[in-house]
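Hi,

Here is the structure I promised to pass on. Have a look at it first, and then read my notes below with the model open beside you.

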There are 2 protein chains.
Amino acid sequence: MAVIVQKFGGTSLGNIESIKKVAKRVIKTKKAGHEVVVVLSAMAGETDKLISLAHEICENPDPRELDVLISTGEQVTVALFAILLNSLGYSAKSFLAHQVRIYTDNFHGRARIHDIDTQKIIKELRNGTIVVVAGFQGSNDQGDITTLGRGGSDTTAVAIAAALNANICEIYTDVEGVYTTDPDICPKARKLKRISYDEMLEMASLGAKVLQIRSVEFAKKYHVPIHVRSSFVEENGTMVIPEDKDMERVVVSGIAYDKDQARITITKVPDRPGIASKIFAPITGAGIVVDMILQNTSAYGFTDMTFTVPRNEFKKAMELVSVTAKEVGAEEVLGDEGIAKVSIVGVGMRSHAGIASKMFTTLADENINIMMISTSEIKISCVIDEKYTELAVRALHDAFGLDKPR
Amino acid sequence: MAVIVQKFGGTSLGNIESIKKVAKRVIKTKKAGHEVVVVLSAMAGETDKLISLAHEICENPDPRELDVLISTGEQVTVALFAILLNSLGYSAKSFLAHQVRIYTDNFHGRARIHDIDTQKIIKELRNGTIVVVAGFQGSNDQGDITTLGRGGSDTTAVAIAAALNANICEIYTDVEGVYTTDPDICPKARKLKRISYDEMLEMASLGAKVLQIRSVEFAKKYHVPIHVRSSFVEENGTMVIPEDKDMERVVVSGIAYDKDQARITITKVPDRPGIASKIFAPITGAGIVVDMILQNTSAYGFTDMTFTVPRNEFKKAMELVSVTAKEVGAEEVLGDEGIAKVSIVGVGMRSHAGIASKMFTTLADENINIMMISTSEIKISCVIDEKYTELAVRALHDAFGLDKPR
């Protein structure tokens with residue numbers, strides 16, 4: 001007998017028919033003799049519907065109250081699901097975050113779980129009850145409802161699995177697992193049998209479609225094995241697990257890309273101490289995340305600075321930077337929304353040389369100009385012209401032999 | 001400065017526009033310097049929509065889970081309302097039942113409030129915050145969500161008013177107050193300025209459209225003055241208040257009627273001890289409420305028994321009674337769904353003679369046959385042929401001079 005956490009996303013819960021299919025999965029696991037905790041998202045589209053209701057009232061709804069509103073989506077699905085299981089003769093109980101004490105900090109809309117009191121869940125599991133927990137929501141120290149951000153139900157599931165020391169956390173979604181790259185742009189993309197937490201984190205731009213990044217951080221911290229799999233087929237998906245020796249033999253595990261990028265360059269910045277902080281303070285102060293930063297070697301006391309920001313923050317960042325640029329006496333500010341970031345990811349890189357140059361050569365062979373480069377221990381990213389994204393991904397996928405099973 | 005509880009029903013909260021109108025009312029009260037607690041129902045139609053969602057799954061949804069489901073309706077309105085007030089510059093916070101500790105018993109779908117811990121509400125009121133509480137819902141000793149039955153938000157409002165020792169509980173609805181009778185069938189019906197708790201309780205069949213009966217019992221027990229008024233006009237409505245000497249001068253305050261009735265007669269029942277309990281045990285055991293019971297004088301060791309049940313339980317009651325009738329050796333079981341109960345109500349009846357005979361004469365003058373009669377201290381009810389309901393109500397309304405203001 002194992003303790004198994006099963007999380008189902010909104011696309012698996014679009015209507016009563018889909019919910020019935022999900023119930024079959026859960027019942028099968030229960031019948032196999034396991035203790036089952038089910039974590040559910042809102043029905044597909046519900047959260048967006050609730051948010052637009054709030055926006056009918058005002059542009060910036062009070063964050064505490066917005067969380068009260070949008071957390072109803074999950075409350076509806078867990079109740080319907082428990083009604084269904086009970087009607088089929090299985091003992092099931094729904095629980096909201098405050099009922100199973102999923103405690104978070106106070107950041108409404110993007111709260112982080114800091115504690116779960118599993119007493120109630122364990123008691124119900126021991127009674128043979130299927131425990132159905134509302135994903136996405138938490139409770140702060142005031143007893144207020146918080147929410148964990150888009151995809152937060154993944155984190156609910158992994159956090160509960162961690163707290164229960166569950167044997168596995170299964171994340172059921174509308175794709176069959178984690179792929180070597182996006183199958184939509186690279187038909188040769190292959191489903192990975194397994195991937196390490198760190199690789200999954202670096203694959204963020206792809207992974208975000210499959211798993212909330214924070215859930216992977218949580219899983220890594222507490223060593224929770226995650227099984228990403230499809231709600232619609234029986235086949236195994238991808239295991240997201242701690243790194244092992246075997247994984248290092250594979251040099252590159254996947255190719256990620258991110259079109260949600262824009263580039264800003266400030267030319268002829270007077271090169272004096274503190275200038276970088278002066279430029280970035282207003283941007284980060286506005287909550288804009290700066291990803292890559294590149295500063296050319298200083299010549300004649302001036303330097304060019306280039307950095308990337310999320311594309312939807314581009315306009316705001318340009319405004320802020322233009323002000324600062326004037327203040328510090330830089331020449332001009334150039335912006336480019338037509339860029340993309342392409343990355344190769346793999347824990348094997350650590351012990352293999354020549355990976356970067358192979359990447360650069362591959363791109364050069366396709367006549368793709370590299371605008372910026374950044375590297376980490378297990379990732380190399382290049383910023384390129386957006387229109388070459390698909391070409392670059394396919395070329396790299398071939399070059400590193402990702403189409404071949406191992 | 002007063003503490004004022006204001007409750008708004010679903011018809012006042014049909015869409016964002018209506019919600020904005022409700023907000024104006026609340027803000028006006030707040031601006032007048034009062035401490036305001038707002039209790040809200042779900043948006044019109046929402047609760048029914050949620051219930052039919054559950055019925056898509058099964059006929060008899062698990063009651064605990066059904067309460068989790070249907071309580072989301074009020075959660076949505078309180079969040080939207082607090083978002084609106086905050087966007088208009090007024091500090092407001094929404095609270096669910098468990099957050100302001102509205103404790104109930106464990107009867108899902110028809111729970112009774114037994115305690116409210118007002119600490120949190122009082123703290124927020126003292127801070128100048130408008131407290132917005134979800135009606136209809138409660139929390140049992142397990143921390144499970146319960147609901148208080150149709151119209152339960154009235155009871156939430158009155159219970160909070162009682163717990164806070166509020167100056168008044170205003171119930172805003174889609175009618176302008178409590179009328180001497182149903183204006184739809186008697187155009188001369190007049191809005192009452194005031195009515196006693198007991199009269200309001202006896203006017204149940206009319207009152208249920210305006211106030212949940214249980215809220216009146218609550219108000220009576222804790223001496224909470226209720227002001228029933230319209231969300232749509234400024235005018236005063238009807239005060240539901242403790243009885244006073246003045247009220248006794250009015251003999252009849254209102255005429256109620258109830259078409260939701262059916263009559264069952266069992267003929268030639270052997271008249272022996274315990275026979276009544278034998279007949280009624282299966283019916284009440286099935287949760288069917290028997291209203292009036294009439295047993296004729298026994299002749300030759302046999303008696304006829306007649307009683308009324310709610311019309312939607314008629315079939316079930318007939319089946320149960322037919323079985324028992326055979327067992328006890330009665331002659332036959334007759335049913336009649338075409339009946340109505342017409343009642344005159346007034347605390348003044350206690351000290352006035354001749355009221356009953358005036359009622360019977362009035363009906364006789366209209367050639368309306370009285371099938372059954374029952375009386376209480378402040379009410380006389382007659383069962384008549386359903387088709388005469390409107391005629392009877394109008395005749396009685398005239399006979400007791402209810403069209404004349406006092």
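Let's start with a small puzzle: in which sense do strand β14 (residues 293–295) of chain A and β15(A) pair, and over how many bridges? The two strands pair in the antiparallel sense, over three bridges. One of the paired positions is A:Q295, whose bridge partner in β15(A) is A:M305. Six residues sit between the strands of this hairpin, and A:Y300 takes a positive phi near 55° there.

Before going further, please keep in mind that this is a predicted model.

Now stay with β15(A), residues 302–310, since β14(A) is not its sole partner to look at here. Strand β13 (residues 254–270) of chain A is joined to β15(A) by eight bridges, and these two strands run antiparallel as well. Find A:I266 and look across: it stands opposite A:M305 in β15(A). So A:M305 is a handy landmark, because as well as standing opposite A:I266, A:M305 is the bridge partner of A:Q295.**The whole chain**

Zoom out to chain A, which has 14 helices and 18 strands. Chain A is divided into domain 1 (3–174) and domain 2 (255–399), and the C-alpha centres of these two domains lie 38 Å apart. Along its principal axes, the C-alpha trace of chain A spans about 80 × 50 × 30 Å. How does the radius of gyration of chain A fit with that of a compact globule? For 406 residues a compact globule would have a value near 22 Å, and chain A has 23 Å, which agrees.

Of the 406 residues of chain A, 48% count as buried. If you take the contacts in chain A with a separation of 6 or more, residues 24 or more positions apart account for 74% of them.

**Where the two chains meet**

Next, turn the model until you can see chain A touching chain B. Each side of the contact is listed separately: 27 residues come from chain A and 27 residues from chain B. On the chain A side, the elements that give two or more residues are α2 (46–57), α3 (63–70) and α4 (72–87). Which of them gives the most? That is α4(A), with 11 residues. By type, the chain A side divides into 16 nonpolar, eight polar and three charged residues.

How are the two copies related? As a general point, two copies of a chain are related by a rotation about an axis and a shift along it. Here, a rotation of 179° with 0.1 Å of shift along its axis superposes chain A on chain B, with an RMSD of 0.1 Å. That is the relation of a two-fold axis. To find the axis from chain A, go to A:T72, which has the C-alpha nearest to it, at 2.8 Å. The same surface serves both copies, as 100% of the contact residues of chain A recur in chain B.

**A few residues to click on**

Try A:S230 in strand β11 (residues 226–230) of chain A. Is A:S230 buried, exposed or partly exposed? It has 17 C-beta neighbours inside 10 Å, so A:S230 counts as partly exposed. A:S230 and A:Y172 are 58 residues apart in sequence, yet 5.2 Å apart in space, C-alpha to C-alpha. Leaving out residues up to four places away in sequence, A:S230 touches A:Y172, A:T173, A:D174, A:V175, A:E176 and A:G237.

Over in chain B, B:S41 lies in the loop between β2 (35–40) and α2 (46–57). B:S41 has 28 C-beta neighbours inside 10 Å, so it counts as buried. Among the residues that B:S41 touches, beyond those up to four places away in sequence, are B:F8, B:L13, B:E74 and B:F136. For B:S41 and B:A166, the C-alpha to C-alpha distance is 20 Å, with their positions 125 residues apart in sequence.

B:F136 is worth a click of its own. This residue is found in the loop between β6 (130–134) and β7 (137–139) of chain B, and its phi is positive, about 80°, although it is not a glycine. With 29 C-beta neighbours inside 10 Å, B:F136 counts as buried.

Then compare B:N165, in the loop between α6 (152–164) and β9 (168–173) of chain B. B:N165 also has a positive phi, about 55°, and is not a glycine. Is B:N165 buried or exposed? B:N165 is exposed, with 11 other C-beta atoms within 10 Å.

Happy clicking!

Terms used:
Residues are numbered from 1 along each chain as its sequence is written. Chains are lettered from A and ligands numbered from 1 in the order in which they are written. This is a predicted model: local features need pLDDT of at least 70, side-chain atom pairs count only at pLDDT 80 or more; totals for chains, interfaces and linings use all residues. Domain bounds come from an automatic or database domain assignment. Helices (H or I, at least four residues) and strands (E, at least two) are DSSP runs, numbered from the N terminus. The radius of gyration is taken over C-alpha atoms; the globule rule is 2.2 Å times the number of residues to the power 0.38. A residue is buried if 20 or more other C-beta atoms lie within 10 Å of its own, exposed if 12 or fewer, and partly exposed in between; C-beta atoms are placed from the backbone. Two residues are in contact if their C-beta atoms, placed from the backbone, lie within 7 Å. Ala, Val, Leu, Ile, Met, Phe, Trp, Tyr, Cys and Pro count as nonpolar, Asp, Glu, Lys and Arg as charged, and the others, Gly among them, as polar. Copies are superposed by least squares on the C-alpha atoms of residues with pLDDT of at least 70 in both. Two strands pair if DSSP finds at least two bridges between them.
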